[in-house]
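Biologist: I am new to this structure and would be grateful for a close look at a single part of it. Please choose one helix, describe its setting, and then follow the neighbouring features in a connected account.

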Amino acid sequence: MPTEQTLLLAGLFVALAAAGWAFAYFGWQGNEDPPPPPVNADYLRGLNLVLNRQTDEALELFVRMAKVDDETLETHFALGHLFRRRGEIDRAIRVHQNLLARPNLNESQRHQALFALAKDYLSAGLFDRAEKLFSDLRGSPTLAESALESLVDIYEREHDWHKAIEAHRALEVLTGEKLSQVAHYYCELAEKARIGGDLDAARQYLKNSVRSETGAFRGKLIRAAIAQEDRDYAQAIRLYEQVLETDRRLMADVLPELVACYRDAGRERELETRIRAMLESDADIREPLAYAVIRNGLVSPPILMECVEEFVVTHDVLSRLVDAERYASLGENERAETMARVVDALRKIAQSGVRYRCTICGYGSQRLVWHCPSCKAWESLRPVQTLQLDRLVA
Ligand SMILES: [Zn+2]
């Protein structure tokens with residue numbers, strides 16, 4: 001039972017504290033200093049209960065313990081911490097509230113107890129209460145930085161980007177370090193404004209996002225989408241192409257938009273020429289391009305299907321399923337039908353797998369998210385753009 005294990009671990013802390021006391025007490029032989037006062041009787045009783053696995057009684061005793069001095073204080077914090085780590089949040093809260101009710105705490109101890117209680121609330125999902133306590137600790141000489149970091153964490157979870165920016169700026173002032181994730185907060189605000197149709201506000205937020213390389217890259221994608229909505233296709237095409245030059249792995253996301261921009265601008269022939277030039281200058285682009293075409297079901301301009309055809313007939317696995325010689329001997333219509341069937345099957349395979357994966361924690365997602373919901377890292381998800389084809393011939 002987790003409770004028993006928790007209190008056994010807590011018992012270890014108590015035992016260590018008691019051992020320290022015993023060493024100091026019995027080790028005092030002929031020194032000038034007077035011996036420490038005898039250890040609290042309740043404290044030893046609590047230890048005894050823990051060792052006898054009378055967990056609830058032990059907790060009650062520790063919580064009710066009248067005397068909280070420097071020795072027992074650390075044990076209370078250790079107990080509270082253990083309860084929280086094991087998910088016994090109610091018990092952690094009781095321990096810390098009990099501490100805060102003591103009149104003899106100094107300022108630093110009081111702040112430590114408030115901080116611990118705020119962490120309990122955070123673990124319990126009581127964000128409002130946690131936010132209030134962390135905010136109260138912003139002026140603490142010892143815990144201001146940790147409190148601000150926790151506030152940033154809360155605001156990120158709540159998607160309250162304005163407050164996240166404010167807490168982040170305060171953290172920068174306090175630590176003297178420039179932090180890059182604030183650019184993401186502005187990008188979040190810009191994206192929200194763009195989706196809500198307020199393109200001017202989106203542009204305004206983006207001006208603040210260029211403080212870091214990260215923000216500049218993501219900001220470029222949002223600016224491209226804004227230009228596309230504004231029907232400023234020349235600008236959108238320029239920005240999308242810059243994104244692809246920086247990171248080809250975003251091909252599957254950017255190519256459909258690029259094709260749409262060229263099409264809506266009446267410049268489809270130009271796109272054909274551009275893609276041919278890209279393929280001639282860099283053969284490695286063929287595979288991500290083919291993947292992007294398959295995944296998104298693109299059919300024009302014709303160069304895209306040519307690219308997929310070549311990908312299929314030269315692929316290690318697919319070439320075993322589609323005989324290149326026989327395929328080449330088919331009539332034009334039969335070839336188109338065969339390829340359409342292959343592409344359709346490949347699209348199903350591409351869409352059934354995870355599309356993006358977090359490089360830190362392995363979290364998988366079907367859509368591009370910039371803030372990993374699992375490990376909370378920014379810009380850690382990367383596209384997975386390989387078709388899982390090995391099992392087709394296994
Ligand atoms: Zn992650």
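Modeller: A residue is called buried when its relative accessible area is under 20%. The model under discussion is predicted, and the part chosen here is helix α8, which runs over residues 144-157.

The length of α8 can be checked first. At 1.5 Å a residue, its 14 residues should span 20 Å, and because the C-alpha atoms at its ends are 20 Å apart, the two values agree. Just after α8, His159 adopts a positive phi of about 55 degrees.

Much can be said about the surroundings of this helix. Its buried residues are Ala144, Ala147, Leu148, Ser150, Leu151, Val152, Ile154, Tyr155 and Glu156. In an α-helix there are 3.6 residues a turn, so residues three or four places apart point the same way. Among the elements that cover the buried residues of α8 are α6 (107-123), α7 (127-136), α9 (161-175) and α10 (182-195).

Some of these covering helices also take part in aromatic pairs, of which a search of the whole structure finds four. In one, the ring centres of Phe115 and Phe134 are 5.4 Å apart and the planes stand at 65 degrees, so the pair is edge-to-face. Since Phe115 belongs to helix α6 and Phe134 to helix α7, this pair ties together parts that are 19 residues apart in sequence. Phe115 counts as buried because its relative accessibility is 14%, and Phe134 is buried with a relative accessible area of 0%.

Another pair involves α9. The rings of Trp161 and Trp378 have centres 5.8 Å apart and planes at 65 degrees, so they too are edge-to-face. Trp161 lies in helix α9, whereas Trp378 lies in the loop between β2 (364-365) and β3 (381-383), so the pair ties together parts that are 217 residues apart in sequence. Trp161 is buried, at 4% relative accessible area, and Trp378, at 15%, also counts as buried. Ring pairs join these two residues and Tyr185 into a cluster.

Helix α8 also contributes to the largest pocket: α8, α10, α12 (213-229) and α14 (251-264) each supply at least two residues of its lining. The space in this pocket amounts to about 870 Å³. Its lining has 27 residues, and Glu191, Arg218, Arg367, Leu368 and Trp370 are the closest to the centre. By class, the lining comprises 13 nonpolar, three polar and eleven charged residues.

Conventions: Residues numbered from 1 in each chain as written. Predicted model: local features only at pLDDT ≥ 70, side-chain atom pairs only at ≥ 80, totals over all residues. Heavy atoms only, no water. Helix = DSSP H or I, 4+ residues; strand = E, 2+ residues; numbered from the N terminus. Expected span 1.5 Å × (residues − 1). Buried < 20%, exposed > 50% of the residue type's maximum accessible area, 1.4 Å probe, protein only. Contact = heavy atoms within 4.5 Å. 1 Å grid on protein atoms, 1.4 Å probe; cavity = no way out; pocket = protein on both sides within 12 Å on 5 of 7 lines; lining within 4 Å. Points joined across faces, edges and corners; volume = space filled by probe spheres on them. Nonpolar A, V, L, I, M, F, W, Y, C, P; charged D, E, K, R; others polar. Phe/Tyr/Trp six-rings, centres within 6.5 Å; stacked < 30°, edge-to-face > 60°.
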